[in-house]
Amino acid sequence: ILTFPKLVFLNLMKIIPTNLQARLNDKESDPYKVLGVKRTDNDETIKKAWIKLTKEHHPDNLVAKGMPPEFIKQATKETSSINTAYDKINKQRKVN
């Protein structure tokens with residue numbers, strides 16, 4: 001039995017792909033695009049964007065909301081991509 005919030009969430013996921021999903025589907029994904037920041041943004045802005053996205057897409061948040069396993073698996077992949085993008089940016093900035 002699906003409760004109302006779950007049903008709404010499931011319908012939205014089918015109809016409206018998130019901007020993050022579209023950015024992650026890009027095979028040559030630019031880490032700045034994944035985080036939704038500009039190359040000229042400072043380190044603090046990039047870190048805030050990373051934290052915000054990580055909180056939104058973290059699998060534990062979906063488990064707490066009672067979401068189905070397929071969404072939790074997708075959230076795990078998204079969180080991994082977000083963290084990878086943030087790590088790439090940090091490495092690039094330390095070298096430069």
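This report describes the helices of a predicted model and the side-chain pairs that link two of them, α4 and α6.

**Overall architecture**

The protein chain contains 6 helices and 0 strands, and along the sequence these elements follow the pattern α-α-α-α-α-α. Of the 96 residues in the chain, 28% are buried. When contacts between residues at least 6 apart in sequence are considered, 57% of them join residues at least 24 apart.

**Helix α4 and its two faces**

Helix α4 runs over residues 43-57, and its 15 residues reach 21 Å from the first C-alpha to the last, close to the 21 Å expected at 1.5 Å a residue. The buried residues of this helix are I46, A49, L53, T54 and H57. Because these residues cover an arc of only 130° around the axis, they are placed on the same side of α4. This arrangement can be read against a general property of such elements: an α-helix has 3.6 residues a turn, so residues three or four places apart point the same way. On the face of α4 turned away from the buried side are the exposed residues E44, K48, K52 and K55.

Two residues of that exposed face also pair with each other, since E44 forms a salt bridge with K48 in which the closest N and O atoms are 3.3 Å apart. Both partners lie in helix α4, 4 residues apart, about one turn of the helix, and E44 and K48 are both exposed.

On the buried side, T54 of helix α4 has a relative accessible area of 15%, and because buried means under 20%, T54 falls into that class. The side chain of T54 reaches the backbone oxygen of W50 at 2.7 Å. Leaving aside residues up to four places away in sequence, T54 touches T79, I82 and N83.

**Helix α6**

Helix α6 covers residues 69-95. Its 27 residues should span 39 Å at 1.5 Å a residue, and the end C-alpha atoms of α6 are indeed 39 Å apart, so the expected and the computed values agree. The buried residues of α6 are F71, I72, A75, E78, T79, I82, A85, Y86 and I89, and two of these, T79 and I82, are among the residues that T54 touches.

F71, which is found in helix α6, is buried with a relative accessible area of 13%. The C-alpha atoms of F71 and H57 are separated by 9.9 Å, the two residues being 14 apart along the chain; H57 is itself one of the buried residues of α4.

**Pairs between α4 and α6**

A search of the whole structure finds 1 aromatic pair. The rings of W50 and Y86 have their centres 4.2 Å apart and their planes at 5°, and the pair is therefore stacked. Since W50 lies in helix α4 and Y86 in helix α6, this pair ties together parts of the chain that are 36 residues apart in sequence. The two partners fall into separate accessibility classes: W50, at 22% relative accessibility, counts as partly exposed, whereas Y86, at 11%, counts as buried.

A salt bridge also links these helices, with the side chains of D43 and R93 meeting at 2.8 Å, N to O. Because D43 lies in helix α4 and R93 in helix α6, the pair ties together parts that are 50 residues apart in sequence. R93 counts as partly exposed, at 26% relative accessibility.

**Salt bridges**

The count of salt bridges comes to 3, and they are set out here with their N to O distances.

| Acidic residue | Basic residue | Distance |
|---|---|---|
| D30 | R39 | 3.2 Å |
| D43 | R93 | 2.8 Å |
| E44 | K48 | 3.3 Å |

In the pair of D30 and R39, whose side chains meet at 3.2 Å, the partners sit in contrasting surroundings: D30 is buried, with a relative accessible area of 17%, while R39, at 54% relative accessibility, counts as exposed. In the pair of E44 and K48, by contrast, both residues are exposed.

**Summary of the α4 and α6 links**

Taken together, helices α4 and α6 are joined by the stacked rings of W50 and Y86 and by the salt bridge of D43 with R93. T54, buried in α4, adds contacts with T79, I82 and N83.

Technical notes
Residues are numbered from 1 along each chain as its sequence is written. This is a predicted model: local features need pLDDT of at least 70, side-chain atom pairs count only at pLDDT 80 or more; totals for chains, interfaces and linings use all residues. Side-chain values use heavy atoms; hydrogens and water are left out. Helices (H or I, at least four residues) and strands (E, at least two) are DSSP runs, numbered from the N terminus. The expected span of a helix is 1.5 Å times one less than its number of residues. Buried means under 20% relative accessible area, exposed over 50%, partly exposed in between (1.4 Å probe, protein chains only). The arc is that of the directions from the helix axis to the C-beta atoms. A polar contact is a pair of N or O atoms within 3.5 Å; within protein, one must be able to donate a hydrogen and the other to accept it, and residues adjacent in sequence count only if both atoms are side-chain atoms. Contact means heavy atoms within 4.5 Å. Rings of Phe, Tyr and Trp (its six-membered ring) pair if their centres lie within 6.5 Å; planes under 30 degrees apart count as stacked, over 60 as edge-to-face and the rest as tilted. A salt bridge is a side-chain nitrogen of Lys or Arg within 4 Å of a carboxyl oxygen of Asp or Glu.
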